[in-house]
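Thanks for coming. I would like to walk you through one chain, and I will give the cut-offs as the terms come up.

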Amino acid sequence: MPVEQHIADYREFAEAIRNGLARLQRIKLPLRVVIAGSTDNGLYCMLLNAATKVGGDKFVRSLNISIVDRCKMPLVFCEQFAVKNSLHVNTVHSDFVEFDYAANCDLLIAHGVMSFFPINERNRTLKHMRDWLSLDGMMISSTQFGDRNIGEGDGKYQNERLRGAKANLDRLLHKAGNFDSQPQAILEQKLHSGFANRSSHAELFGEREEALSFYESGGLEICDFSIVDNTSQSNSEPLRRYRARAIATCLRAED
Ligand SMILES: C[S@@+](CC[C@H](N)C(=O)[O-])C[C@H]1O[C@@H](n2cnc3c(N)ncnc32)[C@H](O)[C@@H]1O
């Protein structure tokens, strides 16, 4: 089964997925899982690896997985990965607020996407996603949290990030082979302006209480909430832009 993984590996998030799957598989099978937002096929692989640990190949193949993203490129990578491994994946090219899943989802995985929502739309978006969950459905969400480690104007850091993002893009495009992409120069220009503006990633959660009440007001009951501290990372790890990440495991609260 797949071992490939591209996103910065958050051991703690993989562990939360494993625990969630182990709990849900005791309640019902087959499980319907939605991944909300996916940079590449890394989160999909993280899910498959976690499922392999929980229930082996048979369990992995029993999962009904949908991946939603407004960007087409990660969906194509996930589809290619699924085909290569004789798996089926349902990809949905849509903004979250335009996607209706009709309360069918047993496990919703959202990794680092909540801080992308404009702050005035954050609650509405979370409520909409919460309605994808079945009555006993679970959401596992990780979000950037606390102060920034790095100021937006830190040139050396920005250049390093940009180089890393470009290398990742090159690698993915190379792997994808005939992927019908925009010319390299346009992609690079988009990367540059994305890094210069970064407006979509501005809304970190300030304090623990703020994040907790965000999930609760979105109609979720928090079962587990842990903060992963980025300040104690080793020198060999890439420096993160924010001090911490909060991982929440929630159940759909009663209406
Ligand atoms: C930086 S990534 C987050 C990390 C990603 N979950 C991962 O771990 O691979 C953000 C992803 O979420 C998608 N995204 C952000 N907001 C979205 C929205 N409102 N609707 C659909 N996709 C969204 C972006 O297109 C992008 O692929």
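I will go from the overall layout to two helices, a few single residues and the ligand.

First, how to read it. The model is predicted, so to speak of it properly: local features need pLDDT of at least 70, side-chain atom pairs count only at pLDDT 80 or more, and totals for chains, interfaces and linings use all residues. Residues are numbered from 1 along each chain as its sequence is written.

The chain has 7 helices and 7 strands. Helices here are DSSP runs of H or I with at least four residues, strands are runs of E with at least two, and both are numbered from the N terminus. Starting at the N terminus, the order is α-β-α-β-α-β-β-α-β-α-α-α-β-β.

Of the 255 residues, 30% are buried. Buried means that 20 or more other C-beta atoms lie within 10 Å of the residue's own; exposed means 12 or fewer, partly exposed is in between, and the C-beta atoms are placed from the backbone. Among contacts with a separation of 6 or more, 81% join residues 24 or more positions apart. A contact is two C-beta atoms, placed from the backbone, within 7 Å.

Now helix α2, residues 42-62. What would a straight helix of 21 residues span, and what does α2 span? The straight one would span 30 Å at 1.5 Å a residue, whereas the end C-alpha atoms of α2 are only 20 Å apart. The expected span is 1.5 Å times one less than the number of residues. At Gly55, α2 bends by about 125°; that is the angle between axes fitted to the seven residues ending there and the seven starting there. Buried residues of α2 include Gly42, Leu43, Tyr44 and Val60. Their cover includes α1 (11-27), β1 (32-36), β2 (64-69), α3 (72-84) and β4 (105-111).

Helix α3 is the second case. Its 13 residues should span 18 Å at 1.5 Å a residue, and the end C-alpha atoms are 19 Å apart, which agrees. Pro74, Leu75, Phe77, Cys78, Phe81 and Ala82 are the buried residues of α3. Seen down the axis, these fall within an arc of 160°, so they line one face of the helix. The arc is taken over the directions from the helix axis to the C-beta atoms. Lys72, Val83 and Lys84, on the other side of α3, are exposed.

Strand β3 holds Thr91. Is Thr91 buried or exposed? Thr91 is buried, with 21 other C-beta atoms within 10 Å. Beyond neighbours within four places in sequence, Thr91 contacts Ile67, Leu75, Cys78 and Glu79.

Two backbone details. Most residues other than glycine have a negative phi, and most peptide bonds are trans. Ser86, in the loop between α3 and β3 (90-93), has a positive phi near 50°. Ser86 counts as exposed, with 7 C-beta neighbours inside 10 Å. Leu29 and Pro30 are joined by a cis peptide bond, with omega about -5°, and Pro30 lies in the loop between α1 and β1.

Last, the ligand. Which residues come nearest? Of the 16 around the ligand, they are Gly37, Thr39, Arg70, Cys71 and His111. A residue is near if its C-beta atom, placed from the backbone, lies within 6 Å. The shell has 7 nonpolar, 6 polar and 3 charged residues. Nonpolar covers Ala, Val, Leu, Ile, Met, Phe, Trp, Tyr, Cys and Pro; charged covers Asp, Glu, Lys and Arg; the others, Gly among them, are polar.
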